[in-house]
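Open the model in your viewer and keep the sequence panel beside it. The stops below tell you what to select and what you will find there.

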Amino acid sequence: MRALLVLILSFATLPGFLPAQSAPWRLEAGADVTSVAEVTDAGYPAIPVSALLGLGARVSYAGGDIVVHLGGREVGLRVDSPGVTADGRTSVMGSPVYSRGGVVYVPTEFLRILAGASGGLLSVDPQTRIARVDAAALASAASTPTAVPPAPAPSPPAAQTRRLVVIDAGHGGVDPGAVGPNGTREKMVTLAVSRRVAELLRDDPRFEVRMTRDRDTLIALRDRGRMANGWRDEGQPALFLSIHCNAHTSRAETGYETYFLSEARTADARRVQQMEDAAAQYEERPRGTGLDFILSDLRQNQYLRESSDWAQMIQNRLREVHPGPSRGVKQAGFAVLVGAFMPAVLVEIGFISNRAEESMLADAQQQETIARQLAAGVRDFFQAAERRQGS
């Protein structure tokens with residue numbers, strides 16, 4: 001038997017016995033180098049469109065339409081289509097763009113088409129799998145003045161524009177969230193606090209307040225951000241606030257923390273992200289993450305910076321009333337925040353796994369106090385935005 005195993009392993013190491021693994025693409029933009037693995041699950045080689053950020057490109061999209069911006073040139077794509085539009089002309093790739101698990105993929109042949117449309121900024125060598133952009137020329141092209149577009153119609157005064165605030169009560173329905181030592185369920189705490197935050201903000205005529213759920217029901221994680229986008233009018237100031245209770249295997253952990261969307265930087269942030277994203281097990285649709293692609297859009301629109309600033313405002317407000325320690329502003333790729341095209345944060349208002357904080361979270365008066373501080377944090381954000389606009 002041992003001799004047979006050795007023989008099998010010997011054949012397995014022969015050239016051509018194992019399936020060939022494609023070498024990754026190397027994307028170079030000056031000193032910045034990005035390695036991108038191609039996928040073939042659709043039957044042809046493709047890479048995430050977000051990988052083009054490694055070449056200094058910008059990516060924007062609306063629905064199924066995608067535009068890649070590189071050095072003042074624009075190239076249009078559409079999901080489920082092989083068509084490419086550049087300089088008013090349309091060409092056809094051998095395979096279509098597709099979306100899977102929230103990530104948009106483009107055939108690797110698109111790199112060659114993008115190079116042709118870039119005016120010499122980008123060079124592509126399929127043999128060595130190297131795509132290289134002239135960083136100096138790219139910077140020069142970006143700084144070259146272009147024709148001034150017509151001035152947009154004046155926006156209504158800020159005072160006449162209602163600010164959209166979307167309140168997201170974590171978990172719900174068959175998903176109880178975390179459960180405390182005394183049986184307190186996270187889904188009921190978050191619903192009670194969320195309802196009260198909504199009531200407080202609805203008293204102010206400047207706000208249009210929506211709730212992703214206002215009863216004990218399950219809403220898919222990624223549908224929550226999509227709901228928020230659907231409620232937002234074009235150009236309307238908006239915020240997305242997801243409310244949760246924390247939990248830990250150590251009953252001694254206490255405190256409050258606020259997250260904004262980015263890659264998890266610490267082991268504890270990854271732990272919290274995994275705990276909150278576990279709600280996807282109750283959903284019928286398969287899990288997927290478009291984090292890289294969404295982040296490109298968020299960076300372009302400054303939502304990350306605004307979300308980070310708002311998270312700190314919420315921490316400052318909770319510090320005034322919360323008995324536990326501030327655990328600070330953190331970053332993680334929560335599924336519920338992915339896809340909300342507006343400043344968005346997820347706040348953990350306390351550890352339901354700690355007996356003292358479980359009692360606090362279950363207390364109606366304490367829920368009222370926390371809700372008031374969260375509502376104040378919303379007002380803080382818009383006041384700061386108005387001050388920036390005024391200056």
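Begin by selecting Asn316, which is partly exposed because its relative accessible area is 34%, a value that falls between the 20% limit for buried and the 50% limit for exposed. Asn316 belongs to helix 8. Now add Gly328 to the selection: 12 residues separate Asn316 and Gly328 in sequence, and their C-alpha atoms are 9.4 Å apart.

**The whole protein**

Zoom out before going further. This is a predicted model, with an average pLDDT of 78 across the protein. A pLDDT of at least 70 is reached by 74% of the residues. Colour by confidence and look at two stretches. Over residues 1-21 pLDDT stays under 50, and the model has three contacts there beyond four places in sequence. Over residues 278-301 pLDDT also stays under 50, but here the model has 61 such contacts.

Switch to a cartoon view, which should show 10 helices and 18 strands. Of the 391 residues, 48% are buried. Among contacts with a separation of 6 or more, 70% are between residues 24 or more positions apart. A surface view covers about 19,200 Å² of exposed area, of which carbon and sulfur atoms supply 52%.

**Helix 8**

Return to the helix that holds Asn316 and select residues 303-319. Helix 8 has 17 residues and reaches 24 Å from its first C-alpha to its last, close to the 24 Å expected. Which residues of helix 8 are buried? They are Tyr303, Leu304, Glu306, Ser307, Trp310, Ala311, Met313, Ile314, Gln315 and Leu318. In an α-helix there are 3.6 residues a turn, so residues three or four places apart point the same way.

**Helix 4**

Next select residues 186-202, which form helix 4. Helix 4 has 17 residues, and its span of 24 Å from first C-alpha to last is close to the 24 Å expected. Its buried residues include Val189 and Val193, along with charged-type names on the list such as Glu186 and Lys187.Just before helix 4, select His171, in the loop between strand 13 (163-169) and helix 4. His171 has a positive phi of about 65° although it is not a glycine. Is His171 buried or exposed? His171 is buried, because its relative accessible area is 5%.

**Helix 10 and the largest core**

Select residues 364-390 for helix 10. Helix 10 has 27 residues and reaches 39 Å from its first C-alpha to its last, close to the 39 Å expected. At its start, a side-chain oxygen of Asp363 comes within 3.1 Å of the backbone nitrogen of Gln365.

Move along to Gln367, also in helix 10. Gln367 counts as buried because its relative accessible area is 14%. Beyond four places in sequence, Gln367 touches Val189, Ala192, Val193, Leu361 and Ala362.

Now show the largest nonpolar core, which has 39 residues. Ile349 and Leu374 have the most contacts inside this core. Helix 10 gives the most to this core, with eight residues. Another core lies apart from it, with 33 residues, among them Val75, Val79, Val97 and Ala115.

Centre the view on Ile349. Its contacts beyond four places in sequence include Val189 and Val193, as well as Ile243, Tyr256, His322, Ile370 and Leu374.

**Glu38 and its partners**

Select Glu38, in the loop between strand 2 (32-36) and strand 3. Glu38 is buried because its relative accessibility is 16%. Which side chains make polar contacts with the side chain of Glu38? One is that of Trp25, at 3.2 Å. Another is that of Arg129, at 2.8 Å.

Follow the second contact to Arg129, in the loop between strand 11 (122-125) and strand 12 (130-133). The phi of Arg129 is near 60°, a positive value in a residue other than glycine.

**Last stop: Ala51**

Finish at Ala51, in the loop between strand 3 (46-48) and strand 4 (58-62). Ala51 is buried because its relative accessible area is 13%. Leaving aside neighbours within four places in sequence, Ala51 is in contact with Leu27 and Val36. Add Tyr105 to the selection: Ala51 and Tyr105 are 54 residues apart along the chain, and their C-alpha atoms are separated by 9.4 Å.

Technical notes. Residues numbered from 1 in each chain as written. Predicted model: local features only at pLDDT ≥ 70, side-chain atom pairs only at ≥ 80, totals over all residues. Heavy atoms only, no water. pLDDT = per-residue confidence, 0-100. Contact = heavy atoms within 4.5 Å. Helix = DSSP H or I, 4+ residues; strand = E, 2+ residues; numbered from the N terminus. Buried < 20%, exposed > 50% of the residue type's maximum accessible area, 1.4 Å probe, protein only. Areas by Shrake-Rupley, 256 points an atom, 1.4 Å probe, with all protein chains shown as cover. Core = buried A, V, L, I, M, F, W, Y, C linked by side-chain atoms within 4.5 Å. Polar contact = N/O pair within 3.5 Å; in protein donor to acceptor, adjacent residues only side chain to side chain. Expected span 1.5 Å × (residues − 1).
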